[in-house]
Amino acid sequence: MYTEEQRQTGEWVRRISAASYRGWKAFYHTTAWKRERRKILERDHNACQRCRQKGRHRRAVTVHHIKHLKDVPELALEDSNLLSLCGECHEEMHPEKHKRKTGYENEERW
């Protein structure tokens, strides 16, 4: 299913995630990720690919894992699993991370 290199990448990502207080976020501080991120942004000409499909042009600020890092760490550094997105499109891809608080702590609003 995965190549040997992909299996090794998956093990490496799991290992650094388990060893760091940052958890899965530790991966995003590695040199390998920073290098891959730069490469993907260059590949996509620093343009948000979702906006491009809609006929708009926005600058990409994020590289998104199509198959999430936590679910499939073997594809963490695979070009085919990475997509350049603007901040707004990335928030749309992760609505669970960007819930706005209403200011109320319970259901009653009086």
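In the predicted model described here, asparagine 46 counts as partly exposed, because its relative accessibility is 32%, a value that falls between the limits of 20% for buried and 50% for exposed residues. Asparagine 46 is placed in the loop between H2 and H3, and its backbone has a positive phi of about 55 degrees even though asparagine 46 is not a glycine. Histidine 45 belongs to the loop between H2 and helix H3 (49-53) as well, and there, just after H2, histidine 45 takes a positive phi of about 55 degrees, again without being a glycine. With a relative accessibility of 65%, histidine 45 counts as exposed, since the limit for that class is over 50%.

The loop between H2 and H3 also holds cysteine 48, which counts as buried because its relative accessibility is 1%. When residues up to four places away in sequence are not counted, cysteine 48 touches Arg58, Arg59, Ala60, Ser84, Leu85, Cys86 and Cys89. One of these partners, cysteine 86, stands 38 residues apart from cysteine 48 along the chain, yet the C-alpha atoms of the two cysteines are separated by 5.2 Å.

As a whole, the protein contains four helices and two strands, and these elements follow the pattern α-α-α-β-β-α when read along the sequence. Of the 110 residues in the protein, 33% are buried. Among the contacts between residues at least 6 apart in sequence, 59% join residues that are at least 24 apart.

Helix H1 (residues 4-19) consists of 16 residues and reaches 23 Å from its first C-alpha to its last, which is close to the 22 Å expected at 1.5 Å a residue. In H1, the buried residues are Gln6, Thr9, Gly10, Val13 and Ser17. These residues lie on the same side of H1, because they cover an arc of only 100 degrees around the axis. On the other side of H1, by contrast, Glu5, Arg15, Ala18 and Ala19 are exposed. The spacing of such residues can be read against the geometry of the α-helix, which has 3.6 residues a turn, so that residues three or four places apart point the same way.

A similar description can be given for helix H2 (residues 31-43), whose 13 residues should span 18 Å at 1.5 Å a residue, and whose end C-alpha atoms are indeed 18 Å apart, which agrees. The buried residues of H2 include Trp33, Glu36, Ile40 and Leu41. Because these residues cover an arc of only 135 degrees around the axis, they are on the same side of H2. Thr31, Arg35 and Glu42, on the other side of H2, are exposed. The buried residues of H2 pack against two strands, strand S1 (62-65) and strand S2 (82-85).

The largest nonpolar core is made up of ten residues, namely Val13, Phe27, Trp33, Ile40, Leu41, Ala60, Val63, Leu69, Ala76 and Leu82. H2 gives the most to this core, with three residues. A second, separate core has five residues, among them Cys51, Leu85, Cys86 and Cys89. In soluble globular proteins, nonpolar side chains tend to be buried together. Within the largest core, which includes valine 63, the surroundings of this residue can be described in detail: leaving aside neighbours within four places in sequence, valine 63 is in contact with Trp33, Arg37, Ile40, Leu41, Leu82, Leu83 and Ser84.

Aspartate 79 lies in the loop between S1 and S2 and counts as partly exposed, because its relative accessibility is 30%. Not counting residues up to four places away in sequence, aspartate 79 touches Glu36, Lys39, Ile40 and Arg43. The C-alpha atoms of aspartate 79 and arginine 37 are separated by 9.5 Å, although these two residues are 42 residues apart along the chain.

The search for empty space around the atoms found a largest pocket with a volume of about 410 Å³. This pocket is lined by 15 residues, of which Tyr28, His68, Leu69, His94 and Lys97 are the closest to its centre. S1 gives the most to the lining of the largest pocket, with four residues. One of the residues closest to the pocket centre, Leu69, is also one of the ten residues of the largest nonpolar core.

Definitions and conventions
Residues are numbered from 1 along each chain as its sequence is written. This is a predicted model: local features need pLDDT of at least 70, side-chain atom pairs count only at pLDDT 80 or more; totals for chains, interfaces and linings use all residues. Side-chain values use heavy atoms; hydrogens and water are left out. The expected span of a helix is 1.5 Å times one less than its number of residues. Buried means under 20% relative accessible area, exposed over 50%, partly exposed in between (1.4 Å probe, protein chains only). The arc is that of the directions from the helix axis to the C-beta atoms. Contact means heavy atoms within 4.5 Å. A nonpolar core is a set of buried Ala, Val, Leu, Ile, Met, Phe, Trp, Tyr and Cys residues joined through side-chain atoms within 4.5 Å. On a 1 Å grid over the protein atoms alone, a cavity is a set of points where a 1.4 Å probe fits but cannot get out, and a pocket is an open set with protein on both sides within 12 Å along at least five of seven lines; lining residues have an atom within 4 Å of a point. Grid points are joined across faces, edges and corners, and a volume is the space filled by probe spheres set on the points.
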